[in-house]
Amino acid sequence: MIRKTYQEQLQTWDKEYLWHPFTQMQDYLKETPLIIEEGQGINLRDADGKEYIDGISSMWCNLHGHRKKEIDDAIKQQLDKIAHTTLLGPSNIPAIELAKSLVEIAPKGLTRVFYSDNGSTANEVALKMAFQYWQHNGLKDKTQFVALQYGYHGDTIGTMSVGGIDIYHKVFQPLYFKTHLAPAPYCYRCLLEKQAENCSMACLEELENILKNHAAQIAAMIMEPLVQGAGGMIIHPTGYLSGVRALCRKYNVLLILDEVLTGFGRTGKMFACLHEDVAPDIMALSKGINGGYMPLAATLATEEIYNAFLGNYAELKTFFHGHTYTGNPLGCAAALASLELFKKERILENLESKINHLQTNLKRFELLEHVGEVRQRGLIAAIELVKDKTTKEPYPWEERIGIQVCLEARKQGLLIRPLGHIIVIMPPLSIKNIELDRMLDIIYKSLVVVLP
Ligand SMILES: Cc1ncc(COP(=O)(O)O)c(C=O)c1O
């Protein structure tokens, strides 16, 4: 714990010098900054010594808890050899070993690993790969993309071009390339005004219309499989993903799956697409790739896509993309240790009972007056708050309802972050049932305090 006076100094500097991401700083400046100093397991400790459950896995990335010995040791050992060396030219040992390990666990057909350092770049790489693939294959009109409404793939101009969240993306509209937005399968608020029970997935028909009419211009479809995260933890109905896969094949369009959030066990399987036996042409990974320890990302592609970039030096078929910290040895060493933990601790096998426990204990939330829907997939859950349960009228953005609930939870020792009026639950996979109970108790009490 740091000295009180120094802590106050840090709080002042935080407000004076920092600009926090996705944060309205005018509001932030009115609050006392929460400064995290340490972590252990699923807990975080602030500079005051107060503990919080890390209920959103430090922004959806931590898997095994904080200060996990095996990952700490792997990084320290790598540090004794080298911290960073470039992949532009030479290679490095952890990057090679990790590429092999990723291909071994990846959906069938993904055989090549291209590294970068965050989720946005993993998707940016995917989009550029898809685009250039068709340029080399002679279908030069394939320059457009299809994406889902409420989709989120990052904050670079390219990934925002395929984004579907108006609140984040609309202001940058003039900068975007051409993207067709298909309706998200958001059954609670069906964009096509159907009822989930008897709609036979009309949203897939809408997607088919887009693909049918523009197949000659569309390079790829990009989507988050099974769970659309930042768009509100929208859980797709079973069969939607395999339906998309079939349509992409039918219309000669590449399928990019953004598993940045869903990858590495979050949904109960190593990758979400495995629930429907789907293999994409390109897959983007980051966040949990090394247990949420440090920036690392990978874009996996098929041999067919890789081969399309081979040619004589002068042909300029090279994939001209690369970041300074691409394939960073420390990040890759941490990732190898994380994958080892999946085997050693039988993480995927043990997840099922936690997922069931979460499901059972979420039931009581449905009875609350202002809870419109509780949804869950794996160890990801969301509670959608509504002003009126019958009409599903949402809370106005200005009421900051989600923020209020999360601030109350913080007082009670839980760190979570909402998506507007949606409360997100995404603890590290290592959470125990008893800790899950504590976390849900705090959320329940916070809802009762804020929405009596
Ligand atoms: C599905 C998905 N893709 C991409 C990203 C962007 O990742 P990053 O914040 O590392 O750029 C995120 C981040 O939340 C995400 O949830």
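This tour visits a four-stranded sheet, a helix with buried residues and a pair of crossing helices. The model is predicted.

**Stop 1: the sheet**

Select strands 1, 2, 3 and 16. These four strands make an open sheet, ordered 1-2-3-16, with mixed pairing. In general, strands of a sheet pair through backbone hydrogen bonds, either parallel or antiparallel.

Look at the edges. Strand 1 (36–40) and strand 16 (414–415) stand there. Each has a single partner strand, so one side of each has no neighbour in the sheet.

Now select residues 43–46 and 51–54. These are strand 2 and strand 3, which run antiparallel and are joined by three bridges. Pick leucine 44 in the viewer. Its bridge partner in strand 3 is tyrosine 52. Move to arginine 45. Which residue of strand 3 is the bridge partner of arginine 45? It is glutamate 51.

Stay with this hairpin and select the turn. Four residues lie between strand 2 and strand 3. Glycine 49 takes a positive phi there, near 95 degrees.

Next, go from strand 3 to strand 16. These two run parallel, and two bridges join them. Select isoleucine 53 and leucine 414. Leucine 414, in strand 16, stands opposite isoleucine 53.

**Stop 2: helix 10**

Select residues 240–250. This is helix 10. Which of its residues are buried? They are Tyr240, Leu241, Gly243, Val244, Arg245, Leu247 and Cys248. Note that Arg245 is on that list.

Now show what surrounds them. The buried residues of helix 10 pack against two strands and a helix that you can select as 144–148 (strand 5), 218–223 (strand 7) and 202–214 (helix 9). Strand 10 (254–258) is also a packing partner.

Step just past the end of helix 10. Asparagine 252 takes a positive phi of about 60 degrees.

**Stop 3: helices 14 and 15**

Select residues 401–411 and 433–450. These are helix 14 and helix 15. Two packed helices are described by the angle between their axes and the distance between the axes. Here the axes come within 8 Å and cross at roughly 125 degrees. Helix 14 and helix 15 are therefore oblique to each other. Their crossing is right-handed.

Finish with the side chains at the contact. From helix 14, show Ile401, Gln404, Val405, Glu408 and Ala409. They meet Ile442, Ser446, Leu447, Val449 and Val450 of helix 15. By class, this contact has seven nonpolar, two polar and one charged residues.

How values were computed:
Residues numbered from 1 in each chain as written. Predicted model: local features only at pLDDT ≥ 70, side-chain atom pairs only at ≥ 80, totals over all residues. Heavy atoms only, no water. Axes fitted to C-alpha atoms, helices over the stretch in contact; angles between N-to-C directions. Parallel < 35°, antiparallel > 145°, perpendicular 65-115°, else oblique. Left-handed = near helix turned anticlockwise from the far one by under 90°. Contact = heavy atoms within 4.5 Å. Nonpolar A, V, L, I, M, F, W, Y, C, P; charged D, E, K, R; others polar. Pairing = 2+ DSSP bridges. Buried < 20%, exposed > 50% of the residue type's maximum accessible area, 1.4 Å probe, protein only.
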